[in-house]
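Trainee: I'd like to learn how to read a few features off a structure. Could you walk me through them one by one?

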Amino acid sequence: MGAVSTFAEVRPGQRTRFARYRHSLWLLTKRDLRVRYSTSVLGYMWSILDPLVMSAIYWFVFTQIFKRSVGEDPYIVFLLAALLPWMWFNGAVSDATRAFLREAKLIRSTTIPRTIWVNRLVLSKGIEFLASLPVLAFFAIISGARLNWDALYFPLAVLIQTALAVGVGLIVAPLVVFFRDLERAVKLFLRFLFYASPIIYSARDLPGGCQAGVAARHCATTVAAQSDTLFSWHFWAAFNPLTGIFSLYRAAFFPQELDWFLVSVSAVMSVLLLLVGFWVFARCERAVLKEI
Amino acid sequence: MNAPVIAVSDVGIRFRRNRGGRRTFKDLFSSRARRSRPNEFWALRNLSFDVQPGEAIGVVGRNGQGKSTLLKLVAGVVLPDEGTVGVAEGVAPLIEITGGFVDDLTVRDNVYLTAGLHGMTRSQIDERFDDIIDFADIGDFIDTPYKHLSSGMKVRIAFSVISRLEEPIILVDEVLAVGDRGFREKCYRRIEELLTGGRTLFFVSHNEKEMRRFCTRGLYLDKGTLVLDGPIDEVLALYNKDYAV
């Protein structure tokens, strides 16, 4: 004996459940990032390159080829302010489709609460999102966009988006285990959602929204004065939680983009999706563990 | 009598027989009783037993009689459909031990990752790191990516990490079938050390010699139910009588 200590003195049970969850979440996220950065030559550059190329394409199409009638100036800043968070959401949800399948072996050997397999994806994509923000800062500086106090809403936007991404992830991840088709359906839906969300255009450009030139604080009145508010695109777009989230992000550079109606509907929708997510997840967990 | 460290009461778990079995979105919303259950069978049912701290238990049965499922239930990596599995202490599951290892990371990173996921703190791992590497006997490969190890080495390092977890309950599921004879003997000695240190052991194997070496009590599973729960020799005797070669 001797070499082996008795379990009372060293066993790792000193951590509380929550601390252990947090610790594991951090380990897995670090692992993700390390694997991604250690196996590719460009490493961190990929977090930047992807949005850079995407925005270059849209910038070219919408400012050089078509005469643009949507969005704000400088367009590249306007675009990136929504494109970067979109990539976070898009990455987290499309990875969530493989959350259980890819880590099956690990899930079968540990007892960490299973929500971690979704949360870690949201977290690691979120860190990549933060890491890509310098791109936005760079273009804001060279194009002379002015940052204003609404930038303080950034944490709120991140919070709502986290709730949304976790919620959707918790719904998608377990269901894909039973319905493999869902993996492709989700990818397709995300492509649709890219154009259905105000990324290359503004929520204000939607029919029924308040047009450019109307100050933010008069917006509600203007919209209410329109005859068929309830059946306008603008109204229905509010139920896409991304609409409000992007409006919050964009407010940092374009205060007229901030629309509290959109933000509150989006917050409510995100919380609802989160609750549904927890419910679906709790419901499926048992069966998922048998299936993988 | 102390409080049991593992309390299994009236546990049942069922699986689907065929992968293509119809599951509909409707199943998700209807109540548990009304859900359609195409072609399911009970892998275990009406299973109850208690385990006292420090006991060494061997699970006996033919293939497909629920031995591994029972171990997974105790490990908490699958959840029962009926009844409860109460596990009062931490578990070191020697099941799918290589599961946490990532091909692209080095052995060193993998050790920290896996031990961390099983609840060890960084300083605890620092302390044991040399021991772990020594035990697995792969000192020259610490900074080699895991995927470049031979399959024997992979199992060795994995066993070495998990068996260092210092948890009061150890579950062993035929992992030792691989590895050369020298290493297997080393593993057995480790398990014996752990047993003398007061750990509780749950052991699944088809090797009678191993069973008698470690275990004092046996559980005989057949067709998803517990046939006999008694001293290991009696259990093995009954098993051999039922399935004489």
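Mentor: Sure, and let's start with a cysteine: Cys187(B) has a relative accessibility of 1%, so Cys187(B) counts as buried. Keep in mind that this is a predicted model.

Trainee: How many disulfides are there over all chains?

Mentor: The general idea is that a disulfide is a covalent bond between the sulfur atoms of two cysteines. Here the count over all chains is zero. Take Cys187(B): the nearest cysteine sulfur belongs to Cys215(B) and is 16 Å away, whereas a disulfide needs the two sulfur atoms within 2.5 Å. Cys215(B) is in no disulfide either, its nearest cysteine sulfur being that of Cys187(B). Cys215(B) is also buried, with a relative accessible area of 5%.

Trainee: Okay, next topic: salt bridges. How many are there over all chains?

Mentor: In general, side chains of opposite charge can pair when their charged atoms come close. The count for this model is 26 over all chains. A good one to look at is Glu103(A) with Arg31(A), where the closest N and O atoms are 2.7 Å apart. Glu103(A) sits in the loop between helices H5 and H6 of chain A and Arg31(A) in helix H2, so this pair ties together parts that are 72 residues apart in sequence.

Trainee: Are Glu103(A) and Arg31(A) buried or exposed?

Mentor: Both are buried; for Arg31(A) the relative accessibility is 7%. Arg31(A) also forms a salt bridge with Asp32(A), at 3.9 Å between the closest N and O atoms. Asp32(A) is buried too, with a relative accessible area of 9%.

Trainee: Which other pair ties together parts that are far along the chain, say 53 residues apart in sequence?

Mentor: Try Arg204(A) and Glu257(A), whose side chains meet in a salt bridge at 3.6 Å, N to O. Arg204(A) is in the loop between helices H9 and H10 of chain A, and Glu257(A) is in the loop between helices H12 and H13, so the pair links parts 53 residues apart in sequence. Arg204(A) is buried at 8% relative accessible area, and Glu257(A) counts as buried at 4%. Back to the earlier group: salt bridges with shared partners join Arg31(A), Asp32(A), Glu103(A) and Arg120(A) into one network.

Trainee: What does chain A have in the way of helices and strands?

Mentor: Chain A has 13 helices and zero strands. Of its 292 residues, 52% count as buried.

Trainee: And how do I read backbone angles?

Mentor: Most residues other than glycine have a negative phi, and most peptide bonds are trans. In chain A, the bond from Asp73(A) to Pro74(A) is cis, with omega near -5°. Pro74(A) is in the loop between helices H3 and H4. Over in chain B, Lys223(B) has a positive phi of about 50° without being a glycine. Lys223(B) is in the loop between strands E8 and E9, and is exposed at 62% relative accessible area. Asp137(B) has a positive phi as well, near 60°, and its place is in the loop between H4 and H5 of chain B.

Trainee: Which residues gather with Asp137(B) in a patch of negative charge?

Mentor: Asp130(B), Asp134(B) and Asp140(B) join Asp137(B) in that surface patch. Asp137(B) is exposed, with a relative accessible area of 55%. Asp134(B) is found in helix H4 of chain B and is exposed, with a relative accessible area of 55%.

Key: Residues are numbered from 1 along each chain as its sequence is written. Chains are lettered from A and ligands numbered from 1 in the order in which they are written. This is a predicted model: local features need pLDDT of at least 70, side-chain atom pairs count only at pLDDT 80 or more; totals for chains, interfaces and linings use all residues. Side-chain values use heavy atoms; hydrogens and water are left out. Patches are made of residues with over 30% relative accessible area and no salt bridge: like charges are joined within 9 Å, nonpolar side chains (Val, Leu, Ile, Met, Phe, Trp, Tyr) within 5 Å. Accessible areas come from the Shrake-Rupley method with a 1.4 Å probe; for residues, only the protein chains shown count as cover. A salt bridge is a side-chain nitrogen of Lys or Arg within 4 Å of a carboxyl oxygen of Asp or Glu. Lys and Arg count as positive and Asp and Glu as negative; His and the chain ends are not counted. The place of a charge is taken as NZ of Lys, CZ of Arg, CG of Asp or CD of Glu. Helices (H or I, at least four residues) and strands (E, at least two) are DSSP runs, numbered from the N terminus. Buried means under 20% relative accessible area, exposed over 50%, partly exposed in between (1.4 Å probe, protein chains only).
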